[in-house]
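Reader: I have a structure open and would like to go through it with you. Could you take my questions as they come?
Author: Certainly; please put the structure up and we shall begin.

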Amino acid sequence: MEKVLLLRKLDLSLREIKALLSGSPSAGKAVLGYRMGAMAAELSRLEKARRLLAGLFEKGMEIFPDLQEELSALPSPGSLLKETVGSGGEARVLLLPPFRAAAFHVVGPEPEERAGAIASEFVQKSGLYAAKPDARMFGFNHPNPGVERSIHPTHSAAASGKLAHLLTVGHQMDDVAVGPHSPFMLLPVYGGKLLFIGDILHACTFMHGIEEIVHPPFLRRVQQAFVVNGEERLYWGNDNFGWGAEFQRIADILEEPDMKRGQLLAAPSYLIDSRALLAAGLARMRAEPYYFVTDISRWI
(Lines give C-alpha, C1' and ligand atoms only; values in the text may rest on other atoms or scores of the structure.)
Protein backbone atom coordinates (compact mmCIF):
# COMPACT_ATOMS: atom_id res chain seq x y z
CA MET A 1 0.00 0.00 0.00
CA GLU A 2 2.90 2.36 0.76
CA LYS A 3 4.26 1.85 -2.76
CA VAL A 4 0.87 2.70 -4.23
CA LEU A 5 0.58 5.93 -2.23
CA LEU A 6 4.08 7.00 -3.21
CA LEU A 7 3.55 6.17 -6.88
CA ARG A 8 0.32 8.18 -6.88
CA LYS A 9 2.48 11.26 -6.29
CA LEU A 10 3.85 10.69 -9.80
CA ASP A 11 0.34 11.28 -11.18
CA LEU A 12 -0.05 7.59 -12.04
CA SER A 13 -3.55 6.13 -12.10
CA LEU A 14 -4.40 3.03 -10.07
CA ARG A 15 -4.60 0.99 -13.25
CA GLU A 16 -1.15 2.18 -14.31
CA ILE A 17 0.30 1.39 -10.88
CA LYS A 18 -1.17 -2.10 -11.05
CA ALA A 19 0.50 -2.66 -14.44
CA LEU A 20 3.74 -1.28 -13.07
CA LEU A 21 3.80 -3.51 -9.96
CA SER A 22 2.32 -6.74 -11.26
CA GLY A 23 2.81 -6.62 -15.03
CA SER A 24 5.75 -7.48 -17.21
CA PRO A 25 8.80 -5.17 -17.41
CA SER A 26 7.79 -4.17 -20.93
CA ALA A 27 4.28 -3.26 -19.74
CA GLY A 28 5.78 -1.17 -16.95
CA LYS A 29 8.04 0.66 -19.38
CA ALA A 30 5.08 1.35 -21.64
CA VAL A 31 3.17 2.88 -18.72
CA LEU A 32 6.09 5.05 -17.69
CA GLY A 33 6.80 6.10 -21.26
CA TYR A 34 3.20 7.15 -21.77
CA ARG A 35 3.13 9.15 -18.53
CA MET A 36 6.45 10.85 -19.32
CA GLY A 37 5.12 11.83 -22.74
CA ALA A 38 1.93 13.18 -21.19
CA MET A 39 3.91 15.21 -18.68
CA ALA A 40 6.16 16.56 -21.42
CA ALA A 41 3.05 17.71 -23.31
CA GLU A 42 1.71 19.36 -20.15
CA LEU A 43 5.03 21.09 -19.51
CA SER A 44 4.98 22.38 -23.07
CA ARG A 45 1.43 23.65 -22.55
CA LEU A 46 2.42 25.38 -19.32
CA GLU A 47 5.42 27.05 -20.95
CA LYS A 48 3.23 28.39 -23.76
CA ALA A 49 0.65 29.57 -21.21
CA ARG A 50 3.41 31.28 -19.19
CA ARG A 51 4.66 33.10 -22.29
CA LEU A 52 1.15 34.31 -23.18
CA LEU A 53 0.52 35.42 -19.60
CA ALA A 54 3.78 37.36 -19.63
CA GLY A 55 2.68 39.16 -22.78
CA LEU A 56 -0.64 40.12 -21.20
CA PHE A 57 1.14 41.18 -18.01
CA GLU A 58 3.54 43.46 -19.86
CA LYS A 59 1.25 44.96 -22.49
CA GLY A 60 -2.25 44.53 -21.06
CA MET A 61 -5.49 43.28 -22.60
CA GLU A 62 -4.97 45.53 -25.62
CA ILE A 63 -2.92 42.74 -27.21
CA PHE A 64 -5.58 40.08 -26.55
CA PRO A 65 -6.84 40.10 -30.19
CA ASP A 66 -3.30 39.32 -31.34
CA LEU A 67 -3.14 36.31 -29.02
CA GLN A 68 -6.53 34.80 -29.77
CA GLU A 69 -5.26 32.38 -32.41
CA GLU A 70 -2.56 31.04 -30.09
CA LEU A 71 -4.99 30.85 -27.18
CA SER A 72 -7.50 28.90 -29.28
CA ALA A 73 -4.81 26.34 -30.14
CA LEU A 74 -3.65 26.04 -26.52
CA PRO A 75 -4.92 22.82 -24.88
CA SER A 76 -7.16 23.27 -21.84
CA PRO A 77 -5.67 22.79 -18.35
CA GLY A 78 -5.93 19.33 -16.82
CA SER A 79 -5.49 17.41 -20.06
CA LEU A 80 -4.90 14.18 -18.14
CA LEU A 81 -7.73 12.16 -16.67
CA LYS A 82 -7.78 12.33 -12.88
CA GLU A 83 -8.74 9.09 -11.17
CA THR A 84 -9.98 8.59 -7.63
CA VAL A 85 -11.15 5.49 -5.78
CA GLY A 86 -14.86 5.32 -5.17
CA SER A 87 -16.58 3.71 -2.19
CA GLY A 88 -17.43 0.60 -4.18
CA GLY A 89 -14.04 -1.10 -3.84
CA GLU A 90 -13.00 -1.60 -7.44
CA ALA A 91 -15.22 1.23 -8.64
CA ARG A 92 -13.39 4.30 -9.92
CA VAL A 93 -14.54 7.84 -10.53
CA LEU A 94 -12.95 9.67 -13.45
CA LEU A 95 -12.88 13.45 -13.32
CA LEU A 96 -12.91 14.35 -16.99
CA PRO A 97 -11.11 17.43 -18.27
CA PRO A 98 -12.81 19.72 -20.81
CA PHE A 99 -13.13 17.96 -24.16
CA ARG A 100 -14.88 18.21 -27.51
CA ALA A 101 -17.71 15.78 -28.06
CA ALA A 102 -20.16 14.79 -30.75
CA ALA A 103 -23.49 14.27 -28.98
CA PHE A 104 -26.57 12.54 -30.36
CA HIS A 105 -30.04 12.87 -28.85
CA VAL A 106 -33.25 11.10 -29.82
CA VAL A 107 -36.62 11.98 -28.32
CA GLY A 108 -39.22 9.25 -28.71
CA PRO A 109 -39.44 5.46 -28.48
CA GLU A 110 -36.16 3.57 -27.84
CA PRO A 111 -34.06 6.75 -27.61
CA GLU A 112 -30.85 5.00 -26.48
CA GLU A 113 -30.86 2.43 -29.27
CA ARG A 114 -31.63 5.00 -31.97
CA ALA A 115 -29.05 7.51 -30.69
CA GLY A 116 -26.47 4.72 -30.46
CA ALA A 117 -27.11 3.72 -34.08
CA ILE A 118 -26.62 7.31 -35.26
CA ALA A 119 -23.40 7.61 -33.24
CA SER A 120 -22.05 4.32 -34.60
CA GLU A 121 -22.74 5.37 -38.18
CA PHE A 122 -20.96 8.70 -37.55
CA VAL A 123 -17.90 6.94 -36.11
CA GLN A 124 -17.68 4.51 -39.03
CA LYS A 125 -18.19 7.06 -41.81
CA SER A 126 -15.86 9.66 -40.31
CA GLY A 127 -13.04 7.19 -39.63
CA LEU A 128 -12.80 8.65 -36.15
CA TYR A 129 -10.80 5.84 -34.58
CA ALA A 130 -8.26 5.90 -37.39
CA ALA A 131 -7.63 9.61 -36.78
CA LYS A 132 -7.93 9.40 -32.98
CA PRO A 133 -7.45 5.85 -31.64
CA ASP A 134 -8.00 6.95 -28.03
CA ALA A 135 -11.45 8.42 -28.72
CA ARG A 136 -14.13 7.22 -26.33
CA MET A 137 -17.79 6.54 -26.95
CA PHE A 138 -20.26 6.49 -24.08
CA GLY A 139 -23.93 7.00 -23.38
CA PHE A 140 -25.90 9.05 -20.88
CA ASN A 141 -29.41 8.63 -19.56
CA HIS A 142 -32.29 10.81 -20.67
CA PRO A 143 -34.90 9.61 -18.15
CA ASN A 144 -37.75 11.70 -19.52
CA PRO A 145 -37.97 12.07 -23.32
CA GLY A 146 -40.66 14.73 -22.78
CA VAL A 147 -38.13 17.20 -21.35
CA GLU A 148 -37.36 20.27 -23.48
CA ARG A 149 -34.08 22.16 -23.17
CA SER A 150 -33.45 25.81 -23.96
CA ILE A 151 -30.68 26.77 -26.39
CA HIS A 152 -27.82 28.65 -24.75
CA PRO A 153 -24.09 27.82 -24.58
CA THR A 154 -23.63 28.41 -20.84
CA HIS A 155 -27.02 28.72 -19.08
CA SER A 156 -29.43 26.40 -20.88
CA ALA A 157 -32.22 24.94 -18.74
CA ALA A 158 -34.48 21.89 -19.01
CA ALA A 159 -38.23 21.93 -18.46
CA SER A 160 -41.04 19.39 -18.46
CA GLY A 161 -44.81 19.70 -18.28
CA LYS A 162 -47.38 21.70 -20.19
CA LEU A 163 -45.34 24.94 -20.06
CA ALA A 164 -42.03 23.33 -21.07
CA HIS A 165 -42.05 24.66 -24.64
CA LEU A 166 -43.15 28.18 -23.65
CA LEU A 167 -40.41 28.40 -21.02
CA THR A 168 -37.57 27.21 -23.24
CA VAL A 169 -38.26 28.13 -26.88
CA GLY A 170 -37.31 31.81 -26.67
CA HIS A 171 -33.97 31.50 -24.86
CA GLN A 172 -32.08 31.37 -28.14
CA MET A 173 -33.16 34.96 -28.87
CA ASP A 174 -31.11 36.34 -25.96
CA ASP A 175 -27.46 37.32 -26.31
CA VAL A 176 -26.93 37.21 -22.54
CA ALA A 177 -27.05 34.27 -20.14
CA VAL A 178 -30.14 35.11 -18.09
CA GLY A 179 -32.03 37.50 -20.32
CA PRO A 180 -35.73 38.28 -20.66
CA HIS A 181 -36.45 35.12 -22.68
CA SER A 182 -34.53 32.71 -20.44
CA PRO A 183 -36.60 30.13 -18.53
CA PHE A 184 -35.42 31.71 -15.28
CA MET A 185 -36.82 35.15 -16.05
CA LEU A 186 -40.05 33.76 -17.48
CA LEU A 187 -40.91 32.16 -14.14
CA PRO A 188 -42.48 35.37 -12.75
CA VAL A 189 -44.63 35.65 -15.88
CA TYR A 190 -46.23 32.28 -15.11
CA GLY A 191 -46.20 32.58 -11.33
CA GLY A 192 -43.38 30.09 -10.91
CA LYS A 193 -41.46 29.27 -7.75
CA LEU A 194 -37.82 28.46 -7.02
CA LEU A 195 -37.03 25.43 -4.86
CA PHE A 196 -33.60 25.18 -3.22
CA ILE A 197 -32.71 21.88 -1.54
CA GLY A 198 -29.77 22.45 0.79
CA ASP A 199 -27.97 25.63 1.81
CA ILE A 200 -27.34 26.73 -1.79
CA LEU A 201 -29.03 30.12 -1.99
CA HIS A 202 -25.63 31.54 -2.94
CA ALA A 203 -26.03 29.73 -6.28
CA CYS A 204 -29.30 31.48 -7.23
CA THR A 205 -28.98 31.86 -11.02
CA PHE A 206 -32.20 33.90 -11.06
CA MET A 207 -30.26 36.80 -9.52
CA HIS A 208 -28.09 37.08 -12.63
CA GLY A 209 -31.26 38.03 -14.49
CA ILE A 210 -31.79 40.90 -12.05
CA GLU A 211 -28.17 41.97 -12.63
CA GLU A 212 -28.89 42.10 -16.37
CA ILE A 213 -31.71 44.56 -15.67
CA VAL A 214 -29.88 46.76 -13.14
CA HIS A 215 -26.31 46.60 -14.55
CA PRO A 216 -24.59 47.24 -11.18
CA PRO A 217 -21.30 49.17 -11.43
CA PHE A 218 -19.01 46.28 -10.36
CA LEU A 219 -19.83 44.22 -13.45
CA ARG A 220 -17.76 44.62 -16.61
CA ARG A 221 -19.36 43.60 -19.90
CA VAL A 222 -17.34 41.16 -22.01
CA GLN A 223 -18.18 39.58 -25.34
CA GLN A 224 -17.39 35.99 -26.24
CA ALA A 225 -18.01 33.82 -29.29
CA PHE A 226 -19.66 30.39 -29.00
CA VAL A 227 -20.65 27.83 -31.61
CA VAL A 228 -24.36 27.11 -31.17
CA ASN A 229 -26.07 24.57 -33.42
CA GLY A 230 -23.11 24.70 -35.79
CA GLU A 231 -23.06 28.50 -36.13
CA GLU A 232 -20.80 30.99 -34.36
CA ARG A 233 -22.63 33.58 -32.26
CA LEU A 234 -21.50 36.42 -30.03
CA TYR A 235 -22.80 36.58 -26.47
CA TRP A 236 -22.38 39.16 -23.73
CA GLY A 237 -21.17 38.07 -20.33
CA ASN A 238 -20.40 39.81 -17.06
CA ASP A 239 -16.97 39.83 -15.43
CA ASN A 240 -17.21 40.40 -11.66
CA PHE A 241 -13.47 39.95 -10.98
CA GLY A 242 -12.67 41.11 -7.46
CA TRP A 243 -16.25 40.74 -6.24
CA GLY A 244 -17.78 37.64 -4.66
CA ALA A 245 -21.48 36.95 -5.07
CA GLU A 246 -23.55 36.90 -1.87
CA PHE A 247 -26.91 35.79 -3.25
CA GLN A 248 -27.73 33.99 0.01
CA ARG A 249 -28.66 37.47 1.26
CA ILE A 250 -32.00 37.07 -0.49
CA ALA A 251 -33.01 35.29 2.72
CA ASP A 252 -32.71 38.67 4.46
CA ILE A 253 -35.03 40.54 2.09
CA LEU A 254 -37.85 37.96 1.81
CA GLU A 255 -40.32 36.85 4.46
CA GLU A 256 -43.23 34.41 4.67
CA PRO A 257 -45.14 33.64 2.51
CA ASP A 258 -42.79 34.82 -0.24
CA MET A 259 -40.03 32.57 1.09
CA LYS A 260 -40.97 29.38 2.91
CA ARG A 261 -38.33 27.58 4.94
CA GLY A 262 -38.51 23.88 5.75
CA GLN A 263 -36.78 20.51 5.62
CA LEU A 264 -36.67 17.98 2.79
CA LEU A 265 -35.42 14.84 4.51
CA ALA A 266 -32.26 16.10 6.25
CA ALA A 267 -31.70 19.07 3.95
CA PRO A 268 -32.78 22.63 4.77
CA SER A 269 -34.97 23.82 1.91
CA TYR A 270 -36.38 27.07 0.61
CA LEU A 271 -39.40 27.67 -1.62
CA ILE A 272 -39.32 31.18 -3.11
CA ASP A 273 -41.99 33.04 -5.06
CA SER A 274 -40.22 34.25 -8.20
CA ARG A 275 -42.40 37.37 -8.53
CA ALA A 276 -41.59 38.42 -4.99
CA LEU A 277 -37.88 37.81 -5.50
CA LEU A 278 -37.89 39.80 -8.74
CA ALA A 279 -39.58 42.77 -7.06
CA ALA A 280 -37.51 42.68 -3.86
CA GLY A 281 -34.23 41.93 -5.64
CA LEU A 282 -34.69 44.77 -8.13
CA ALA A 283 -35.59 47.24 -5.40
CA ARG A 284 -32.62 46.31 -3.21
CA MET A 285 -30.05 46.17 -6.02
CA ARG A 286 -31.17 49.54 -7.40
CA ALA A 287 -31.02 51.11 -3.94
CA GLU A 288 -27.78 49.35 -2.89
CA PRO A 289 -25.89 48.09 -5.98
CA TYR A 290 -23.25 46.34 -3.83
CA TYR A 291 -25.71 44.60 -1.48
CA PHE A 292 -25.33 41.16 -3.08
CA VAL A 293 -21.52 41.18 -3.41
CA THR A 294 -18.43 41.37 -1.20
CA ASP A 295 -15.11 42.93 -2.16
CA ILE A 296 -12.63 40.02 -2.33
CA SER A 297 -9.88 41.82 -4.25
CA ARG A 298 -7.52 41.75 -1.26
CA TRP A 299 -7.47 37.92 -1.38
CA ILE A 300 -6.86 37.60 -5.14
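Reader: Among contacts between residues at least 6 apart in sequence, what share joins residues at least 24 apart?
Author: In the protein chain, that share is 49%. Please keep in mind that this is a predicted model.

Reader: Understood. How many helices and strands does the protein chain have?
Author: The chain has ten helices and eleven strands. Of its 300 residues, 29% count as buried.

Reader: Let us turn to the interior. Which residues touch the most other members of the largest nonpolar core?
Author: That core has 26 residues, and the ones touching the most other members are Leu201, Cys204, Met207, Ile250, Ile272, Leu277 and Phe292. Two or more residues each come from strand S5 (193-197), helix H9 (206-214), strand S10 (267-273) and helix H10 (274-287).

Reader: And what does Ile250 touch?
Author: Setting aside residues up to four places away in sequence, Ile250 touches Leu201, Cys204, Met207, Met259, Ile272, Leu277 and Phe292. Another core, of five residues, lies apart from the largest one; Leu52, Ile63, Leu67 and Leu74 are among its members.

Reader: Back to S5 and S10. In what order do the strands of their sheet come?
Author: The order is S5-S10-S9, in an open sheet of three strands with antiparallel pairing. Strands S5 and S9 (259-264) are at the edges; each has a single partner strand, so one side of each has no neighbour in the sheet. On average, neighbouring strands are turned by 20° against each other, direction ignored.

Reader: How many bridges join S5 and S10?
Author: Five bridges join them, in the antiparallel sense. Within this pairing, Leu195 stands opposite Leu271 of S10, and Phe196 has Tyr270 as its bridge partner.

Reader: Which residues of S5 are on its covered face, and which on the uncovered one?
Author: Leu194 and Phe196 make up the covered face, whereas Lys193, Leu195 and Ile197 make up the uncovered one.

Reader: What about H10, where does it lie?
Author: Helix H10 lies across S5 and S10, and it runs at about 80° to S10.

Reader: I am also curious about Ala276, which is in that helix. Is it buried or exposed?
Author: Ala276 has 15% relative accessibility, below the 20% limit, and therefore counts as buried. Beyond its neighbours within four places in sequence, Ala276 is in contact with Leu254 and Asp258. Its C-alpha is 9.7 Å from that of Glu255, a residue 21 places apart from it in sequence.

Reader: A change of topic: which way do S6 and S7 run, parallel or antiparallel?
Author: Strand S6 (residues 220-228) and strand S7 (residues 231-239) run antiparallel and are joined by nine bridges. Gln223 has Trp236 of S7 as its bridge partner. Two residues lie between the strands of this hairpin, where Asn229 takes a positive phi near 55°.

Reader: Now the aromatics. How many aromatic pairs are there?
Author: The count comes to six aromatic pairs. One of them is Phe104 with Phe122: the ring centres are 5.6 Å apart and the planes are at 55°, so this pair is tilted. It links distant parts of the chain, with Phe104 in the loop between strand S2 (92-95) and helix H5 (111-126) and Phe122 in helix H5, 18 residues apart.

Reader: How accessible are Phe104 and Phe122?
Author: Both fall between the limits for buried and exposed. Phe104 is partly exposed at 24% relative accessibility, and Phe122 is partly exposed at 37%.

Reader: What is the geometry of the pair formed by Phe226 and Tyr235?
Author: That pair is edge-to-face, at 6.0 Å centre to centre with 75° between the planes. Phe226 is partly exposed at 23% relative accessibility, whereas Tyr235 is buried, with a relative accessible area of 3%.

Reader: Which residues do ring pairs link into a cluster?
Author: Phe218, Trp243 and Tyr290 are linked in this way.

Reader: Lastly, which ring does the charged end of Arg284 sit over?
Author: The charged end of Arg284 sits over the ring of Tyr291, at 4.6 Å from the ring centre. Likewise, the charged end of Arg298 sits over the ring of Trp299, 5.0 Å from its centre.

Methods:
Residues numbered from 1 in each chain as written. Predicted model: local features only at pLDDT ≥ 70, side-chain atom pairs only at ≥ 80, totals over all residues. Heavy atoms only, no water. Core = buried A, V, L, I, M, F, W, Y, C linked by side-chain atoms within 4.5 Å. Buried < 20%, exposed > 50% of the residue type's maximum accessible area, 1.4 Å probe, protein only. Helix = DSSP H or I, 4+ residues; strand = E, 2+ residues; numbered from the N terminus. Contact = heavy atoms within 4.5 Å. Pairing = 2+ DSSP bridges. Axes fitted to C-alpha atoms, helices over the stretch in contact; angles between N-to-C directions. Phe/Tyr/Trp six-rings, centres within 6.5 Å; stacked < 30°, edge-to-face > 60°. Lys NZ or Arg CZ within 6 Å of the ring centre and 35° of its normal.
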